[in-house]
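Work through the exercises below with the sequence and the coordinates open. Try each task before reading its solution.

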Protein chains: 4
Amino acid sequence: MLLQASSYFEMYADDPVTSIFMLRSKSGPAQSIRQEAFLTTPQLPVSEYIDGYGNICQRIIIPAGTTILESRVIAECDANIDVDTDAGYKPVEELPDDVLQFLLPSRYCESDKVAELAMQITMGIQSGYSQVGAIRQWCYHNISREYGTTNSSTSAVDVLQSRTGVCRDFAHVAIALCRSMNIPARMVVGYLYDLKPMDLHAWFEAFVGDRWYIFDALMPDPVGGRIIMAYGRDAADVAFASHFGNVVLTKMEVKVIKL
Amino acid sequence: MLLQASSYFEMYADDPVTSIFMLRSKSGPAQSIRQEAFLTTPQLPVSEYIDGYGNICQRIIIPAGTTILESRVIAECDANIDVDTDAGYKPVEELPDDVLQFLLPSRYCESDKVAELAMQITMGIQSGYSQVGAIRQWCYHNISREYGTTNSSTSAVDVLQSRTGVCRDFAHVAIALCRSMNIPARMVVGYLYDLKPMDLHAWFEAFVGDRWYIFDALMPDPVGGRIIMAYGRDAADVAFASHFGNVVLTKMEVKVIKL
Amino acid sequence: MLLQASSYFEMYADDPVTSIFMLRSKSGPAQSIRQEAFLTTPQLPVSEYIDGYGNICQRIIIPAGTTILESRVIAECDANIDVDTDAGYKPVEELPDDVLQFLLPSRYCESDKVAELAMQITMGIQSGYSQVGAIRQWCYHNISREYGTTNSSTSAVDVLQSRTGVCRDFAHVAIALCRSMNIPARMVVGYLYDLKPMDLHAWFEAFVGDRWYIFDALMPDPVGGRIIMAYGRDAADVAFASHFGNVVLTKMEVKVIKL
Amino acid sequence: MLLQASSYFEMYADDPVTSIFMLRSKSGPAQSIRQEAFLTTPQLPVSEYIDGYGNICQRIIIPAGTTILESRVIAECDANIDVDTDAGYKPVEELPDDVLQFLLPSRYCESDKVAELAMQITMGIQSGYSQVGAIRQWCYHNISREYGTTNSSTSAVDVLQSRTGVCRDFAHVAIALCRSMNIPARMVVGYLYDLKPMDLHAWFEAFVGDRWYIFDALMPDPVGGRIIMAYGRDAADVAFASHFGNVVLTKMEVKVIKL
């Protein structure tokens, strides 16, 4: 399916602030990028670099006053995501070197504290893809999607207590649970077609069988129509915007339409 | 200056061929990418990865028959390039680790064979930026720009004998000469506004003072209006298209206009 | 000063466990590695890879039963560390791209939660090196070094409540405080000569002026005699040993002597 | 088999020269490094970095006068190398991204000029491992091992004319031939047990089936007992020593013994 997605940010700063954005996509297994735009008002110099996960990062000095940033992408995306309940648990000793880091605890995914819960959730379930599926489903059924109950400090352990959160919180919990069972899991951020209410989205991938599979703990069922913008260990690695100073987001709009 | 640049490739293959393209740009010191498009007819899946130099590479399987590829970019570019005749020679012991590789000979730049010529050209000239400037000028005056006299096997040493070539040959000679004097030099490919006849272009950068500076041995004077697509040691690293099989380029058109 | 350092680990596992060690050093600004040994009993196959921070990692499958691992290194080390109270605060917009990641919160360093304390500690102090010095000193005076009061789940915020910990906890607090002020800070692990009681050690570096400087919140004064084994964002990145399964450390001994 | 290998270099320079060495090994599939030493007389500061291929590089400023460098390693090595004549040709479209670069021509391996010969050599031979085996054997039988007939400027095409060379020349020819058939090939440098006369050695690896396999065009038969020090595209990437200035090698001795 051909998707057009866009983000519109209106920001205000009293003083110039250095900011990093992650708003450009690379073509990959399930998406071919056709067009992109990255526009600022006023027109600002942008510098890009590749981070340690292969993401394209935009470095900008946001000037004092109001700045508008628009990012648009048109991409051909798989309408469905791969589901393979036969993909088994991959023993740690067979994992590629660069996948190992996604087994470790990270800022928002304290996998070292949730092993017991993970075992309860996956008890009796075939190891591998199906275990991750059970974790995904458990999150879907046991966490309420509520805006405003969590913030940028909220971690998986916090969410497991409050049982509320937004997409990134769902992903953090699921990632922490997977890692606690030695299943590599990483955070993914991007666009999802037909997300309601529409917003930038976060989900996760788990490494089972011989590769990464997409999972989304916020959705009742596996669904495609995704444009990936960045991968990382958790939200600390893949923030759409990191401001090293005070920037107020005065308006934000996200759109994803089918062409 | 705001530039819109585009490349149009019409290719024919008897059998499917894996190809790597380098036709997407990153924002950087002298360019801010505003819009991009990467379109194929028929629509083909694209997969992107980052190479060892930080370039964004497009991996595509070209199907049998005719394939059209269009790449477009709109970028805000510096109209002038930095010139600093005071930028001195940077002693090798003070070079950053990742710059050292650009001192070594490479496929098309046999710097180990041209030291004598480099010394002649730069005799009596202030070390650093001015030496590179002298090398650039020597190439401009001593190599004739002629299409069809060189091919993908032609190296700097070949060009020094034939004294003819296209932009990449000019760059290879200049790079080889710089490296022979222990000045790091790398190849750059992209678009140049007002190039005549218009084509994809190649030039080079040299590391003097504390950073990389742009030089173009094909031009009589330093001029900006450039959109960089890739960096590498020489043309082997930064081919716009590498086909691992037989692909015939039946038509190609490059445009760069000022918006 | 020429130092010989060694670690001896005796481990027991019921079943084979994949483990990652970080016990080899690279030569660098303040240390030249002369000799190294990495021995296991029984003799086990080792495979090494470079992680995203440039650290050399040893991947081993620990067999069932008892395994002994000995790592030794002889290195020429600077007896003193560089102190430069004039090194000023480096504005974020001037930081190198690869340093930016060390401004973000991480698993054990919740810099997003400690800004107020950081401001109190550094009030009225010259920005840059001296601020980091003040943070270091505050940690030294306000946290008690006590074994057994913290564990692998303890983060900077936890330590700020308990006010007790070991070297890594001191480093986590100091790193979180630095980052909250937009000063890049990273964790360092290795050996320290004359540490009492002797153990593997953790400290931190902060980026002020134009480079990284060493700081150690556990020591009353700046002191050298260090052999660095790994860099990372916090202890999650630079564990000496990460076991993906149950391994009991039955004995451990660390020695650092002057040759 | 447990091997102890060492290199002894005596060098003379009139003026200080920056030099890069590649004389430290990482543990890998067929070797576990037990001990290493890297000693200089006089004692010199060493700084290490990781290059784009994952090799550990030693950066040293060689002072004026005589410098001695000794590098020693003790490693457990496979006595035999894997041979798998069933490992088939891997189509380019299925190759991992980071393997693709080893299909391109490089400084010493002009694969764009030797396709015809490669086809002659491999005519009628099962595609994949056996083709590489045929190339290896052709080199063994058609190139004479002679010291002093080639130098640091000699490329595969040169060797194909002179039909003489040393180990690196054998490897360059074989690599160029493999790449001309779209089989990825890379250069390997290190120690080989029982090499006569003993010296530092160079061989190559080809990617067939699903991984890299070792081949050695200088040996009559496949043989193990190897300690790998570095990988690269050709000798330009993996020189044991690169001097950015004039350094005379006054004495060199290499030893490999079985413990």
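The exercises that follow concern a predicted model.

**Exercise 1. The side of chain A that touches chain B**

Find how many residues of chain A are in contact with chain B, and which strands of chain A supply them.

Solution.
1. Count the contacts: 22 residues of chain A are in contact with 22 residues of chain B.
2. Assign the chain A residues to strands. At least two residues each come from β3 (31-41), β4 (47-50) and β5 (56-62) of chain A.
3. Look for the largest share: β3(A) supplies it, with 8 residues.
4. Sort this side of chain A by class, which gives 9 nonpolar, 8 polar and 5 charged residues.

**Exercise 2. Strand pairing between chains A and B**

Determine how β3(A) runs relative to β3 of chain B, and name the bridge partner of A37(A).

Solution.
1. Take strand β3 of chain B, residues 31-41; 3 bridges join β3(A) to this strand.
2. Compare directions: the two strands run antiparallel.
3. Locate A37(A) and follow its bridge into β3(B), where the partner is Q35(B).

**Exercise 3. The surroundings of A13(D)**

Decide whether A13(D) is buried, exposed or partly exposed, and list what A13(D) touches.

Solution.
1. Place the residue: A13(D) belongs to strand β1 (residues 2-13) of chain D.
2. Count neighbours. A13(D) has 19 other C-beta atoms within 10 Å, and being buried takes 20 or more, so A13(D) is partly exposed.
3. Leave out residues up to four places away in sequence; A13(D) then touches I62(D), A64(D), N246(D) and V247(D).
4. Check a pair distant in sequence: A13(D) and G245(D) are 232 residues apart along the chain, yet their C-alpha atoms are 8.6 Å apart.

**Exercise 4. Backbone exceptions**

Describe the peptide bonds before P42(A) and P42(D), and the phi values of N182(B) and R163(C).

Solution.
1. Start from the usual case: most residues other than glycine have a negative phi, and most peptide bonds are trans.
2. Inspect chain A. The bond from T41(A) to P42(A) is cis, with omega near 0°, and P42(A) sits in the loop between β3 and β4 of chain A.
3. Inspect chain D. T41(D) and P42(D) are joined by a cis peptide bond, omega about 0°, and P42(D) is in the loop between β3 (31-41) and β4 (47-50) of chain D.
4. Turn to N182(B), a non-glycine residue with a positive phi of about 65°. N182(B) is in the loop between α4 (167-180) and β9 (185-192) of chain B and, with 18 C-beta neighbours inside 10 Å, is partly exposed.
5. Finish with R163(C), where phi is positive, near 60°. R163(C) lies in the loop between α3 (156-162) and β8 (164-165) of chain C; its 13 C-beta neighbours inside 10 Å make R163(C) partly exposed.

Conventions
Residues numbered from 1 in each chain as written. Chains lettered and ligands numbered in written order. Predicted model: local features only at pLDDT ≥ 70, side-chain atom pairs only at ≥ 80, totals over all residues. Contact = placed C-beta atoms within 7 Å. Helix = DSSP H or I, 4+ residues; strand = E, 2+ residues; numbered from the N terminus. Nonpolar A, V, L, I, M, F, W, Y, C, P; charged D, E, K, R; others polar. Pairing = 2+ DSSP bridges. Buried ≥ 20, exposed ≤ 12 C-beta atoms within 10 Å, placed from the backbone.
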